[in-house]
Amino acid sequence: MFGLIGHSTSFEAARRKASELGFDHIAEGDLDVWCSAPPQLVEHVEVTSATGRTIQGAYIDSCFVPEMLSRFKTARRKVLNAMELAQKKGIDITALGGFTSIIFENFNLLQHQHVRSTTLAWERFTTGNTHTAWVICRQVENNAPALGIDLKKASVAVVGATGDIGSAVCRWLSSRTGVAELLLVARQQKPLEELREELGGGRILSLEDALPEADVVVWVASMPRTLEIDTSRLKTPCLMIDGGYPKNLDARVAAKGIHVLKGGIVEFFTDIGWSMMEIAEMEKPQRQMFACFAEAMLLEFESHHTNFSWGRNNITLEKMDFIGGASVRHGFTTLNLQGLPQAAV
Ligand code: NDP
């Protein structure tokens, strides 16, 4: 069985959902009530792959909301409690979605393997980052040519280049896609220099200097809400892959010739009878989902019960090949720009 741990996009959205599900006492509660609410297994689902294989899954709402991010202990407790519930329900492989994987990594939850009487078995969990990285790379490869951008001559800026997803994207784009130039953007210099050495190329630039040079920008960093982008300095056409969470680039860079695509989103070949993606505000919630969630489904389809994506900067090209192959085989496609001719996937 596969599992997905997620959360609502805001406190208000969470209250609405709780009310719909009949959890009235918590729906009416204030943020303090929600801080002490336990995780809920809200939905079971059965999914059949394009190969005909059928698997069972469950969605666990961690009862975390982004408004709790500044409450360090609460955020930590929410993620650990949701993981404990997944394990107690006997789920073999569970993806940490939305902010939960960020909390896991940034708050170093590896040090908290014991939750009450449960010892968390790490091999039952995955961040889903390998599939996310592969999907973002395919989105670059499919959509840049559709805009007339020849990747062999293009500059691709990766914002968050030294991160888990960003470094994997850089590895793939430099060795598999053969982009003309990678522009590496992050705040800390030392990891950037180490990455450039590993890649055997790439130019380290500040965000401000990279943007006007880029034909494609891959955003894989959680950027501050206050970030402003001067669209008059961007190239046209420019493809922007919004791979961060939450996804909020399109409102900031709405301008002629700037094409924003939600990054790390996949679509299943057929409707899935679930309601869980409604809270993630997908355009087609019956088919679309975050690639990290889909990774848990893929590992279950493949009976590959292991913490496939784990820790930082462990994503290899071989792992991306494996999960990408499984993604295509079981019936997922990457989200693409609408109304443009697409290169063959
Ligand atoms: P990591 O924490 O591993 O990496 C974050 C990267 O961003 C680092 O390179 C960091 O470097 C850089 N960074 C952070 N802040 C800034 C800034 N202000 N300016 C420039 N660079 C910055 O994160 P992950 O790779 O795990 O995840 C990256 C993003 O992808 C997150 O926003 C996450 O939510 C999102 N994500 C999306 C998914 C999906 O949509 N399907 C699935 C999983 C994750 P430095 O600290 O040196 O600046």
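A residue is buried under 20% relative accessible area, exposed over 50%, and partly exposed in between. The structure treated in these exercises is a predicted model.

**Exercise 1. Two residues with positive phi**

Task: Determine whether Ser303 counts as buried, partly exposed or exposed, and do the same for Asn313.

Solution.
- Step 1. Ser303 lies in the loop between H10 and H11, and its position is just after H10. Asn313 is found in the loop between H10 and H11.
- Step 2. Ser303 is not a glycine, yet its phi is positive, at about 50 degrees. Asn313, which is not a glycine either, has a positive phi of about 60 degrees.
- Step 3. The relative accessibility of Ser303 is 45%, so this residue counts as partly exposed. For Asn313 the value is 36%, and therefore Asn313 counts as partly exposed.

**Exercise 2. Helix H10 and its partner**

Task: State how many residues of H10 are buried, and find the angle at which the axes of H10 and H11 cross.

Solution.
- Step 1. In H10, 11 of the 11 residues are buried, so the helix is largely enclosed by the rest of the structure. Among these buried residues are Ala291, Phe293, Glu295, Met297 and Phe301.
- Step 2. Two packed helices are described by the angle between their axes and the distance between the axes.
- Step 3. The axes of H10 and helix H11 (residues 317-329) come within 10 Å, and they cross at roughly 85 degrees. Angles of 65 to 115 degrees count as roughly perpendicular, which means that H10 is roughly perpendicular to H11.
- Step 4. On the side of H10, the contact is made by Glu295, Leu298 and Leu299; on the side of H11, by Phe322, Ile323, Ala326 and Ser327.

**Exercise 3. Domains and nonpolar cores**

Task: Identify the domains into which the protein is divided, and explain why the largest nonpolar core lies between them.

Solution.
- Step 1. The division gives domain 1 (2-126) and domain 2 (133-265). Taken over C-alpha atoms, their centres are 30 Å apart.
- Step 2. The largest nonpolar core has 105 residues, and those with the most contacts inside it are Leu4, Met83, Val218, Met289 and Met297. Helix H10 (residues 291-301) gives the most to this core, contributing nine residues.
- Step 3. Both domain 1 and domain 2 give residues to this core, and therefore it lies between them.
- Step 4. Leu4 serves as an example: beyond its neighbours within four places in sequence, its contacts include Ala58, Ile60, Thr94, Trp274 and Phe293.
- Step 5. Another core, of 19 residues, lies apart from the largest one; Val159, Ala210, Leu211 and Cys238 are among its members.

**Exercise 4. The sheet of five strands**

Task: Give the strand order of the open sheet with mixed pairing, and name the strands that stand at its edges.

Solution.
- Step 1. The order of the five strands is S2-S3-S1-S4-S7.
- Step 2. Strand S2 (40-48) and strand S7 (125-126) stand at the edges; each has a single partner strand, so one side of each is left without a neighbour in the sheet.
- Step 3. Within the sheet, strand S1 (residues 2-6) pairs with strand S4 (residues 93-96) in the parallel sense over four bridges. Gly3 stands opposite Thr94 in S4.

**Exercise 5. The sheet of six strands**

Task: Give the strand order of the open sheet with parallel pairing, and describe how H6 packs on it.

Solution.
- Step 1. The six strands follow the order S10-S9-S8-S11-S12-S13. At the edges are strand S10 (203-204) and strand S13 (258-262), each pairing on one side only.
- Step 2. Helix H6 (residues 129-146) packs on this sheet and touches strand S11 (216-219), strand S12 (238-242) and S13; the direction of H6 makes about 155 degrees with that of S12.
- Step 3. Strand S9 (residues 181-185) runs parallel to S10, and two bridges join these strands. Leu183 has Arg203 of S10 as its bridge partner.
- Step 4. Helix H8 (residues 189-199) lies across S9 and S10 and runs at about 160 degrees to S9.

**Exercise 6. A cis peptide bond and its surroundings**

Task: Locate Pro237, and list the residues that Gly257 touches.

Solution.
- Step 1. Pro237 lies in the loop between S11 and S12. The peptide bond from Thr236 to Pro237 is cis, with omega near -5 degrees.
- Step 2. Gly257 is found in the loop between S12 and S13. Not counting residues up to four places away in sequence, Gly257 touches Thr236, Pro237 and Cys238.
- Step 3. Gly257 and Glu281 are 24 residues apart along the chain, and 26 Å separate their C-alpha atoms.

Terms used. Residues numbered from 1 in each chain as written. Predicted model: local features only at pLDDT ≥ 70, side-chain atom pairs only at ≥ 80, totals over all residues. Heavy atoms only, no water. Pairing = 2+ DSSP bridges. Contact = heavy atoms within 4.5 Å. Axes fitted to C-alpha atoms, helices over the stretch in contact; angles between N-to-C directions. Core = buried A, V, L, I, M, F, W, Y, C linked by side-chain atoms within 4.5 Å. Buried < 20%, exposed > 50% of the residue type's maximum accessible area, 1.4 Å probe, protein only. Domains from an automatic or database assignment. Parallel < 35°, antiparallel > 145°, perpendicular 65-115°, else oblique.
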